[in-house]
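Thank you all for making the time this morning. I would like to walk through one model with you, starting with its charged pairs and then moving on to the cores, the cysteines and the pocket.

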Amino acid sequence: MATLSLHEQLCALKEPRFYATDMIKDLIDYLSITLASSGSRRNTHTLCTAVSRSRDLCDKINSLISASSNEDGWASFDTYTVMINPLEKYLLELSEISETSCIASLSGGLLISEWIEAGVLWSKNRKTTTEALTCLFEAEYFKSFTVKGDLDNLSSFRRHDDIAFLDELLLQCSARSKGWETRFSPGGWSHLQATFRKLDDIWSKLLTSNESDIIEHLAALNLALVGIVEVTVKTSDKETQARLGSSEVLSKVSAFSTLLETHLDDKSTSRWVLQGQREVQWTMLIDTIQGGNITSLNFHELKKFPAKIRPPYYLQCLALIEYCRILITERAKKIPQPAAEPLGRAIVSVKTALQAAAKLSEAAAGLKTNVDALKTYEVDNAVKSAVKAVCDSFKEYQIPFAYETIEQAKVLDESRFNDWKTRLQQLQVNAPSSFIEIVVKVSGKASQSLKGQTYKVPQTSSLNMILWNECRSSQQYGELVRKARFETPEQRGTPLSLSRSISEVLGSAPTTKARVVCLILD
């Protein structure tokens, strides 16, 4: 069986590429390498699905570009041109999410405010990934390419990621406090242990519940609790240690965990009422934890060019084409019909600008280490001349000219260009240096629906990403990821961590030596 690279699976396109989709492809590369290399602790299955969906949409755009060049009408052109910008937007939003685990980035953080803020950041990133994934399937630009069944597992992807993250936080809470009882007051330690048990009970209930309303507060509480333990154990500030390790603070933490469990079990009270109660109590708890310191004459030729143009000129070129379409439409409405010369001048000037931008993109093909070569004064001046010619034609035909359209396109082009540069630079940094082969063998009920494969993954990746690939096409995805576990043949009965790196779980190994793991579903 051929060895599969998870990164290649997520990135490989089936259709020939065009310059117009270069940015999309690079962002897909960036996200997939980030996922495969770091094994994102917080949104692995949601992000993997988003990247996989983006890759399929990129293929669809490329196929529409090919069709557009050979058809008489504008159907394919109009379809793909409105897809590129929103797809780039969602990919950029996803790429802005921190790649590392909250825990990893905060280890050693001795300011409790950082741990509180980590909860806010996690909630924001969770919302971004969830909304982006949903839009990639349901947004107006993409929903015509969504088939029946695509949406069935979206909530399950999100739920699995939430459960996995909470599980890691629970483990961290317990591990970081072990052996440090003396850093807490007797009452504080007692409340801390009671909170651990309560949070473990809540986590167990979530495994068999569809409840999601308390997830954000639960994660925020867990992060805050990890922070309390970390700061209390490591700080040299006696006053901070005494306050965070006290019964006064930890009793209120315990009380909030009790409130969360009560709300989890409450099926009668309005969710909005419960949400309001949690917000009030959480604000008060944060205050206590922080010590009271809450802080658009051959117009049809124009459609051939956008596919050959990259940022930072793509959106401006689309705006110029749209201006020409408006000129043609509005001129046709006038009786008697005005002279064609102004329209002809505008189209020729726009074509010149598009040719210049397309030529620049082709000349700079492959210069990913010097993307600044994609922006020149010559093309800038060609675009400016085209805008002036179009504006003059609007005036001659007495049509209102929306100058803000090209201005907004210019701003967005510049922003996308700069973001692209940043991601390309980080793409080099995040490239994995060493790989390992993982042979997945399935057993138990898993053998009825899963086949098991051989994977080539970075040693810094995680088994959680392999689990996503094994289960993602199954109609029983939610049940599989909830009940499945990995074990090694040598240590049956001992589940392997989904979140930690493969090198941590299985130990570092030469790239020529495959490691076997068993995917079990009782």
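Let me begin with Arg126, which counts as buried at 12% relative accessibility. Please keep in mind throughout that what you see is a predicted model. Arg126 forms a salt bridge with Glu216, with the closest N and O atoms 3.4 Å apart, and this pair links distant parts of the chain, since Arg126 sits in helix α6 (residues 112-138) and Glu216 in helix α9 (residues 215-234), 90 residues apart. Glu216, for its part, is partly exposed, with a relative accessible area of 35%. The two belong to a network of salt bridges that also takes in Arg158 and Asp162.

Across the whole structure the search finds 25 salt bridges, and I will pick out two others. Asp22 and Arg310 meet through their side chains at 2.6 Å, N to O; Asp22 is buried at 6% relative accessibility, and Arg310 is buried with a relative accessible area of 6%. Asp265 and Lys205 form a salt bridge at 3.0 Å, and here Asp265 is partly exposed at 44%, while Lys205 is partly exposed at 31%.

Turning to the nonpolar interior, the largest core has 111 residues, and those with the most contacts inside it include Tyr80, Ile309, Leu320 and Phe486. Helix α13 (residues 314-333) gives the largest share of this core, ten residues. A second, separate core has 44 residues, among them Ile202, Leu244, Val249 and Ile286.

Why is Cys317 not bonded to Cys324? The sulfur of Cys324 is the closest cysteine sulfur to that of Cys317, but it lies 11 Å away, which is too far for a bond. Cys317 is also buried, at 1% relative accessibility. Cys391 is likewise in no disulfide, its nearest cysteine sulfur, in Cys324, being 13 Å away, and the search of the whole structure finds zero disulfides.

Finally, the largest pocket holds about 760 Å³ of space. It is lined by 29 residues, of which Ile163, Trp203, Leu207, Val481 and Arg482 are the closest to its centre. Helix α7 supplies the largest share of that lining, nine residues, and α8 (186-207), α18 (477-483) and β4 (485-487) are among the elements that each supply at least two. By character, the lining divides into twelve nonpolar, ten polar and seven charged residues.

That is where I will stop, and I am glad to take questions.

Terms used: Residues are numbered from 1 along each chain as its sequence is written. This is a predicted model: local features need pLDDT of at least 70, side-chain atom pairs count only at pLDDT 80 or more; totals for chains, interfaces and linings use all residues. Side-chain values use heavy atoms; hydrogens and water are left out. On a 1 Å grid over the protein atoms alone, a cavity is a set of points where a 1.4 Å probe fits but cannot get out, and a pocket is an open set with protein on both sides within 12 Å along at least five of seven lines; lining residues have an atom within 4 Å of a point. Grid points are joined across faces, edges and corners, and a volume is the space filled by probe spheres set on the points. Helices (H or I, at least four residues) and strands (E, at least two) are DSSP runs, numbered from the N terminus. Ala, Val, Leu, Ile, Met, Phe, Trp, Tyr, Cys and Pro count as nonpolar, Asp, Glu, Lys and Arg as charged, and the others, Gly among them, as polar. A nonpolar core is a set of buried Ala, Val, Leu, Ile, Met, Phe, Trp, Tyr and Cys residues joined through side-chain atoms within 4.5 Å. Buried means under 20% relative accessible area, exposed over 50%, partly exposed in between (1.4 Å probe, protein chains only). A disulfide is a pair of cysteine sulfur atoms within 2.5 Å. A salt bridge is a side-chain nitrogen of Lys or Arg within 4 Å of a carboxyl oxygen of Asp or Glu.
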